[in-house]
Amino acid sequence: MTEIVRIENLHKSFDNLEVLKGIDLTVNSGETVVLLGSSGSGKSTMLRCVNFMEIPTSGKIYLNGDLVGNERSGKMTYRESELCALRSRIGMVFQHFNLFPHMTVIENVMEGQVIVLGRSKSEAREKAMAQLERVGLAEKAEEYPARLSGGQKQRVAIARALAMDPEVMLFDEVTSALDPELVGEVLKSMRQLAEEGMTMLCVTHELGFAYHVANRVLFLNDGAILEEGEPQKILKTPKTDRMREFLEGHSLFKLPD
Ligand SMILES: Nc1ncnc2c1ncn2[C@@H]1O[C@H](COP(=O)(O)OP(=O)(O)O)[C@@H](O)[C@H]1O
Ligand SMILES: [Mg+2]
């Protein structure tokens, strides 16, 4: 198995607040890893460190086997140009889709390709269309975002990230702000991506998705990984009281027999 993301002893503090307390995680090619945890446990901070929207306080991150940054006398240093290049290799989708309202759907999906990757408009348009088809929104290409449902906007945000040909996709609670009836269509697109072999690290409270789609589930508690395992095991028989309480709090989750 090829490792795509390796996180080694990741620590992150904001002033005196230590948010991540030594995280180790490897995500292999084609794997879907789901990260669970209560609000404030550090899930978003962890994802943001992986694509260097936050600079780790200490620890190392490797993408496709390459160490990000330079190590000098035990401390990592990062050049902004390197981080920009790195970010373009990692797709990220957030709770709030942040589409440009004054651009059509397809222009939104083309923008990063043209600005960041330097693709021609015609190439970008072709790639954008292919990704919109992948999330089932080809017929909305010329619409403006205001005319889409929340679920459709989120699928456009996924297509926009995919159009950059990322080596890994990070999803941060992408269904949390959606009306319940729109959650399914977004999870379906994510499931399809996973089945197509995309490498994915997903923060979600959708335990059904974790159960049916993830290869591995991690439970983050107070900045550290408390449990980790196959979804069918860890979600049915958590080892710690803390994770059991967390799962019981998601009472809508019915485990298949
Ligand atoms: N930029 C920041 N500055 C200061 N504190 C932050 C910042 N980002 C996150 N935090 C704090 O870090 C902790 C973890 O936050 P977060 O990673 O967003 O958790 P989660 O995504 O699991 O809800 C929280 O206490 C939050 O207030
Ligand atoms: Mg969060």
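This report describes the domains, the two open sheets and three loop residues of a predicted model.

**Domains**

The chain is split into two domains: domain 1 covers 1-89 + 168-257, and domain 2 covers 94-166. Their C-alpha centres are 24 Å apart. Contact between the two involves 15 residues of domain 1 and 15 residues of domain 2. On the side of domain 1 that touches domain 2, the elements that give two or more residues are β9 and α6. Helix α6 supplies the largest share of that side, with four residues. By character, the residues on this side of domain 1 are seven nonpolar, three polar and five charged.

**The six-stranded sheet**

One open sheet has six strands in the order β8-β9-β10-β3-β11-β12, and its pairing is mixed. The edges are taken by β8 (90-93) and β12 (224-229); each has a single partner strand, so one side of each is left without a neighbour in the sheet. From one strand to the next, the twist averages 20 degrees.

Strand β10 (residues 200-203) has its side chains divided between two directions: M200 and C202 point one way, L201 and V203 the other way. All of these residues are buried. In the strand order, β10 stands between β9 and β3.

On the β3 side, β3 (residues 32-36) pairs with β10 in the parallel sense over four bridges. Within this pairing, V34 has C202 as its bridge partner, and V33 has L201. On the β9 side, four bridges join β9 (residues 168-172) to β10, and these strands also run parallel. Here the bridge partner of L170 in β10 is L201. Between β9 and β10 the chain passes through helix α6 (residues 180-195), and this β-α-β crossover is right-handed. Residue L201 is thus a bridge partner of V33 and of L170.

**The four-stranded sheet**

A second open sheet has four strands, ordered β2-β1-β4-β5, with antiparallel pairing. Its edge strands are β2 and β5 (66-67), each with a single partner strand, so one side of each is left without a neighbour in the sheet. Strands β1 and β4 (residues 58-63) pair in the antiparallel sense over five bridges. One of the bridge pairs joins H11 to S58 in β4. Helix α1 (residues 43-50) packs on this sheet and touches β1, β2 and β4. The direction of α1 makes about 120 degrees with that of β1.

The bridge counts given for strand pairs in the two sheets are set out below.

| Strand pair | Sense | Bridges |
|---|---|---|
| β3 and β10 | parallel | four |
| β9 and β10 | parallel | four |
| β1 and β4 | antiparallel | five |

In general, strands of a sheet pair through backbone hydrogen bonds, either parallel or antiparallel.

**Three loop residues**

Residue D15 sits in the loop between β1 (3-14) and β2 (17-28). Although D15 is not a glycine, its phi is positive, at about 50 degrees. D15 has 5 C-beta neighbours inside 10 Å and therefore counts as exposed, since the cut-off for that class is 12 or fewer.

Residue S73 lies in the loop between β6 (70-72) and β7 (75-77). Its phi is near 40 degrees, again a positive value in a residue other than glycine. S73 counts as exposed because it has 4 C-beta neighbours inside 10 Å.

Residue M198 is placed in the loop between α6 and β10, on the path of the chain into β10. M198 has 19 C-beta neighbours inside 10 Å and so counts as partly exposed; a residue is buried if 20 or more such atoms lie within that distance. Apart from neighbours within four places in sequence, M198 is in contact with M169 and L193. M169 falls within the residue range of β9, and L193 within that of α6. M198 and S73 are 125 residues apart in sequence, and their C-alpha atoms are 36 Å apart in space.

Notes. Residues numbered from 1 in each chain as written. Chains lettered and ligands numbered in written order. Predicted model: local features only at pLDDT ≥ 70, side-chain atom pairs only at ≥ 80, totals over all residues. Pairing = 2+ DSSP bridges. Right-handed = clockwise from strand over helix to strand, strands pointing away. Axes fitted to C-alpha atoms, helices over the stretch in contact; angles between N-to-C directions. Domains from an automatic or database assignment. Contact = placed C-beta atoms within 7 Å. Nonpolar A, V, L, I, M, F, W, Y, C, P; charged D, E, K, R; others polar.
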